[in-house]
Amino acid sequence: MSGKVTNGAGEGTGGSAEGWDAAFFARWMRAAADAVDREADRLTELDSAIGDADHGGNMRRGFEAVRSELDEGVPATPGSVLMTAGRKLVSTVGGASGPLYGTLLRRTGKTLGDAEVVTGEELAGALSAGIDAVAQLGGAAAGDKTMLDALRPAADALADSGGKDLRAARTAAEKGAEETTGLQARKGRASYLGERSIGHQDPGAASAALLMAALAEAGGEAEGSA
Amino acid sequence: MRMLINVPETVVPDALRGMAAAHPELTVDVDRRIVVRRDAPVAGKVALVSGGGSGHEPLHGGFVGPGMLDAACPGEVFTSPVPDQMVAAAAAVDSGEGVLFVVKNYTGDVLNFDMAAELAEDEGVRLAKVLVQDDVAVTDSTHTAGRRGTGATLFVEKIAGALAAEGAPLERVADTARRVAESSRSFGVALSACSTPSKGGPMFELPPGELELGVGIHGEPGRERRAMMTSGEIAQAAVDAVLEELPSDQPVLALVNGMGATPLLELYGFCGEVHRVLAERRVPVARTLVGNYVTSLDMAGASVTLCPADEELLRLWDAPVRTPGLRWGV
């Protein structure tokens, strides 16, 4: 299998002082699949308050498909891991989440280019580009009570640390997600509720926080194994 | 909550297998999740493709057949289908005359159909899109995802389908579809919340003796909660809300639509009240369709959709149609 390294088989070590390789990104995606699976019921519960009670199931279906794809073989570069995962999400999730999460990962991956190892700073910049693409596709801005309210603070925290502090990104995402509770939705199905959307956490922001938590988890493993 | 299902995860493919068994005139591809006219592509004819979350049956799969849609893409319950389905459907029905995507205005549907359109155009399919956004309950459309697509979808699919069947070119089919979509208005009322298979219970709590005015078709709460009203009072509220935004005083096509759990006996009573209010407002009704067509699983309630119709639209409305969900003139 030329052009591919197998995660966990010793070829990819994940994180290092120089940066992160494809194995690290595959671990991120697998950690995200674990987190979405574990928290699916909570996501659906959040979605039943202001949406249509399917976010957990849809995200689980999508990330399980990503996991299966990675089990077949991990692409050679960080960028191609994320682009593969993004394409899979578009093909399997449906709803708004499929195109939005798919675009996030595809654009982030595309921005990382062909490098076999990327630095934290490069990741922070690429993630920011991915988030810009999501904002453009969905037409949402900060404070609209969407996934952006978790993603944007996370990318900013990562950039502020020079791309080193994945835990800060996670903390910022979780704080951002929690703070959507007080916001009125202006995008997506929750927007039809107007003021009645206030008082409920946005399910998309909650799943975005899980994605950032998975990134920190993958980073933690990398540090542990380095 | 008792549901006539096996397990929640297979509700959509189970229903598609049943559809395949009942309708040999359709090709139901359970794996790729598309429902296609068996005789597609029809030579010389523009093809119509629609789709959306499941749970609104007979929309959209039940409207596939001569005189209406060429293919439908059912998503998971209340979840937009994915671009792969739409691209596969477009490829299956395109005769070379082009394909019209009929899209209800929800963020997920719009994003997935946009992605599909790009992919299908890359494969050489000539594409046009029409966006259905008829629900007047969404008032603040600049600070929301915009007016929802509901009952007018049936008008668009029937009328554009009839025009395509006459052999009209893509641009004309798309123009007429947009004219219907842009001039139709709807308003819906819920007397109970619906239950999705995955949740297994009601999507919101509606205490006895109360109703929701201005609901969509996904079990989301509406614009306003009120103490229970009579059929006549509900008709007054719904028709008033629709007429306030109806951009014409022509005779109308009227759809008196059940949400899934309201008996036809009640729906016809409601239809009588809708006609009474329209007569009081001096709006002539040219045609009326009563029944469960754009549903929201097991929600009780109804919606009213009005479309101003000139002679051409009425001729297309009356044209023959042969689908599982709508059938006349054949």
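**Two unusual peptide bonds and a phi angle**

Pro58(B) is located in the loop between β3 (47-54) and β4 (71-77) of chain B; helices (H or I, at least four residues) and strands (E, at least two) are DSSP runs, numbered from the N terminus. This is a predicted model, in which local features need pLDDT of at least 70 and side-chain atom pairs count only at pLDDT 80 or more, while totals for chains, interfaces and linings use all residues. Residues are numbered from 1 along each chain as its sequence is written, and chains are lettered from A and ligands numbered from 1 in the order in which they are written.

*Task.* Find the residue that a cis peptide bond joins to Pro58(B), then do the same for His60(B).

*Solution.* Start at Pro58(B): its cis partner is Glu57(B), and omega is about 10°. Move on to His60(B), which also belongs to the loop between β3 and β4 of chain B. A cis peptide bond links His60(B) to Leu59(B), with omega about -10°.

*Task.* Where in chain B does Arg33(B) lie, and what is its phi?

*Solution.* Look between β1 (26-29) and β2 (34-37) of chain B: Arg33(B) is in that loop. Then check the backbone angle: phi of Arg33(B) is near 60°, a positive value in a residue other than glycine. For background, most residues other than glycine have a negative phi, and most peptide bonds are trans.

**Confidence**

*Task.* Compile the confidence values for chain A, chain B and the complex.

*Solution.* Begin with pLDDT, the predictor's confidence in each residue, from 0 to 100. Chain A has a mean pLDDT of 90, with 90% of its residues at 70 or more. Chain B averages 95, and 98% of its residues score at least 70. Turn next to residues 1-11 of chain A, where pLDDT stays under 50; the model has 19 contacts beyond four places in sequence for this stretch. Finish with the complex, to which the predictor gives an ipTM of 0.84 and a pTM of 0.91.

**Where the chains meet**

*Task.* How many residues does each chain bring to the contact between chain A and chain B?

*Solution.* Two residues are in contact if their C-beta atoms, placed from the backbone, lie within 7 Å. The count is 26 residues from chain A and 31 residues from chain B. Now go through the chain A side: α1 (22-50), α2 (55-72), α3 (78-92), α4 (97-112) and α5 (120-138) are the elements that give two or more residues. Of these, α3(A) gives the most, with three residues. To sort the chain A side by class, count Ala, Val, Leu, Ile, Met, Phe, Trp, Tyr, Cys and Pro as nonpolar, Asp, Glu, Lys and Arg as charged, and the others, Gly among them, as polar. The result is seven nonpolar, 13 polar and six charged residues.

**Two domains in chain B**

*Task.* Describe how domain 1 and domain 2 of chain B touch.

*Solution.* Mark the domains, whose bounds come from an automatic or database domain assignment: domain 1 is 8-183 and domain 2 is 185-316. Their centres, taken over C-alpha atoms, are 22 Å apart. The contact uses 25 residues from domain 1 of chain B and 32 residues from domain 2 of chain B. On the domain 1 side, α4 (152-165) and α5 (170-183) of chain B each supply at least two residues, and α4(B) gives the most, with seven residues. That side divides into 15 nonpolar, six polar and four charged residues.

**Helices that cross**

*Task.* How do α2 (83-93) and α3 (107-122) of chain B pack?

*Solution.* Take the axes, lines fitted to C-alpha atoms (for helices over the stretch in contact), with angles from 0 to 180 degrees between N-to-C directions. Here the angle is about 45° and the axes are 8 Å apart. Angles under 35 degrees count as roughly parallel, over 145 as roughly antiparallel, 65 to 115 as roughly perpendicular and the rest as oblique. So α2(B) and α3(B) are oblique to each other. The residues of α2(B) that meet α3(B) include Met86(B) and Val87(B), and those of α3(B) include Phe113(B) and Leu119(B). By class, this contact has nine nonpolar, one polar and no charged residues.

*Task.* At what angle do α4(B) and α8 (residues 311-318) of chain B cross?

*Solution.* The axes come within 8 Å and cross at roughly 85°, which makes α4(B) roughly perpendicular to α8(B). Lys158(B), Ile159(B), Ala162(B) and Leu163(B) of α4(B) make the contact with Leu313(B), Leu316(B) and Trp317(B) of α8(B).
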